[in-house]
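Student: I have a model open and would like to learn how to read its features. Where do we begin?

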Amino acid sequence: MIINILRLRIICVAIFVFAGFNLLAGEKADSLPDNLWKRSANLADKVLNLMAYETRCYTFAAYPMLGYSDRTGFEVGLMPVMKFNSAKGDSCSYNRPSTVAPSFQVSSKGMYEADVDVAIFTANNWSINAKLQFLYLPDTFYGLGNNSKTGPFTSFDSYKYSAVGEVLRGVNERLFLGIQWDAGYYEFASISNPVDNPSVWLDGGVTGAKGGWCNGIGPIVRFD
């Protein structure tokens, strides 16, 4: 189950608000657009620097998250990010830092989600990219077909556990070969069929309505 969500950082909203007040206080109207972008960019850099702790080996930062969609409502969350500098240093023309980024979100419609994104690059050209996710989402199912969006629907609670990733070996600094996998387990609970059409969900023979595993694995070739 894929959720396409527009996620906006709270700090971006604050940046534009503060920059706008600053500009309106002392700039001419015909110069507002250019100065707004310039000052917003400078203020964004300063805010990001304040939120980050950097050493020679790693950088740590934590960012607030804000988003909205019709399906989930308003979302708020936090995303800490740990970046580790490349083990190859300046000896490699294609330095790739490793990152670990967990995130936690809740929404006004009862959704909660926990993710961990990992991207690891080793000194001997191995690469590991993975995402672990737990998602709880109160959801609705309208049946199949173009005319079902306004018809009766089934409400249910969805639990998703997934692990998506890949392990790659670099043939050189740009070409990688490896294996990619996608493993997911789904549970559905609190299923409430409409009284006037109880066949929308389980009785309708919908594939996957009882949940279970959905897995895949295969080779991958990547040019970076």
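Student: Is Val100 buried, partly exposed or exposed?

Tutor: Buried means under 20% relative accessible area and exposed means over 50%, with partly exposed in between. Val100 has a relative accessibility of 30%, so Val100 counts as partly exposed. Bear in mind that this is a predicted model.

Student: Where does Val100 lie, and which residues does Val100 touch?

Tutor: Val100 lies in strand E5, residues 98-107. Leaving out residues up to four places away in sequence, Val100 touches Pro80, Val81, Met82, Phe84, Asp117 and Val118. For one of these, Asp117, the C-alpha to C-alpha distance from Val100 is 5.8 Å, with the two positions 17 residues apart in sequence.

Student: Phe84 is among those contacts. Which surface feature includes both Phe84 and Val100?

Tutor: A nonpolar patch on the surface, formed by Phe84, Val100, Val116 and Leu132, with about 290 Å² of accessible area together. Phe84 is found in strand E4, residues 73-84. Its relative accessible area is 36%, so Phe84 is partly exposed.

Student: How are the elements ordered along the chain?

Tutor: From the N terminus on, the order is β-α-α-β-β-β-β-β-β-β-β-β. That is two helices and 10 strands. Of the 224 residues, 27% count as buried. Among contacts between residues at least 6 apart in sequence, 55% join residues at least 24 apart.

Student: Now the rings. How many aromatic pairs does a search of the whole structure find?

Tutor: A pair of aromatic rings is described by the distance of the centres and the angle of the planes. The search finds nine aromatic pairs. In one of them, Phe156 and Phe188, the ring centres are 5.5 Å apart and the planes stand at 90 degrees, so the pair is edge-to-face. This pair links distant parts of the chain, 32 residues apart: Phe156 is in strand E8 (residues 154-170) and Phe188 in strand E9 (residues 175-192). Phe156 counts as buried because its relative accessibility is 6%.

Student: What is the geometry of the pair formed by Tyr185 and Trp213?

Tutor: Tyr185 and Trp213 form a tilted pair, 5.0 Å centre to centre with 55 degrees between the planes. Tyr185 lies in strand E9 and Trp213 in strand E10 (residues 212-223), so the pair ties together parts that are 28 residues apart in sequence. Tyr185 is partly exposed, at 26% relative accessible area, whereas Trp213 is exposed, at 64%.

Student: Which aromatic cluster includes Tyr185 and Trp213?

Tutor: One cluster formed by Tyr112, Phe134, Tyr136, Tyr159, Tyr161, Tyr185 and Trp213.

Key
Residues are numbered from 1 along each chain as its sequence is written. This is a predicted model: local features need pLDDT of at least 70, side-chain atom pairs count only at pLDDT 80 or more; totals for chains, interfaces and linings use all residues. Side-chain values use heavy atoms; hydrogens and water are left out. Patches are made of residues with over 30% relative accessible area and no salt bridge: like charges are joined within 9 Å, nonpolar side chains (Val, Leu, Ile, Met, Phe, Trp, Tyr) within 5 Å. Accessible areas come from the Shrake-Rupley method with a 1.4 Å probe; for residues, only the protein chains shown count as cover. A salt bridge is a side-chain nitrogen of Lys or Arg within 4 Å of a carboxyl oxygen of Asp or Glu. Helices (H or I, at least four residues) and strands (E, at least two) are DSSP runs, numbered from the N terminus. Buried means under 20% relative accessible area, exposed over 50%, partly exposed in between (1.4 Å probe, protein chains only). Contact means heavy atoms within 4.5 Å. Rings of Phe, Tyr and Trp (its six-membered ring) pair if their centres lie within 6.5 Å; planes under 30 degrees apart count as stacked, over 60 as edge-to-face and the rest as tilted.
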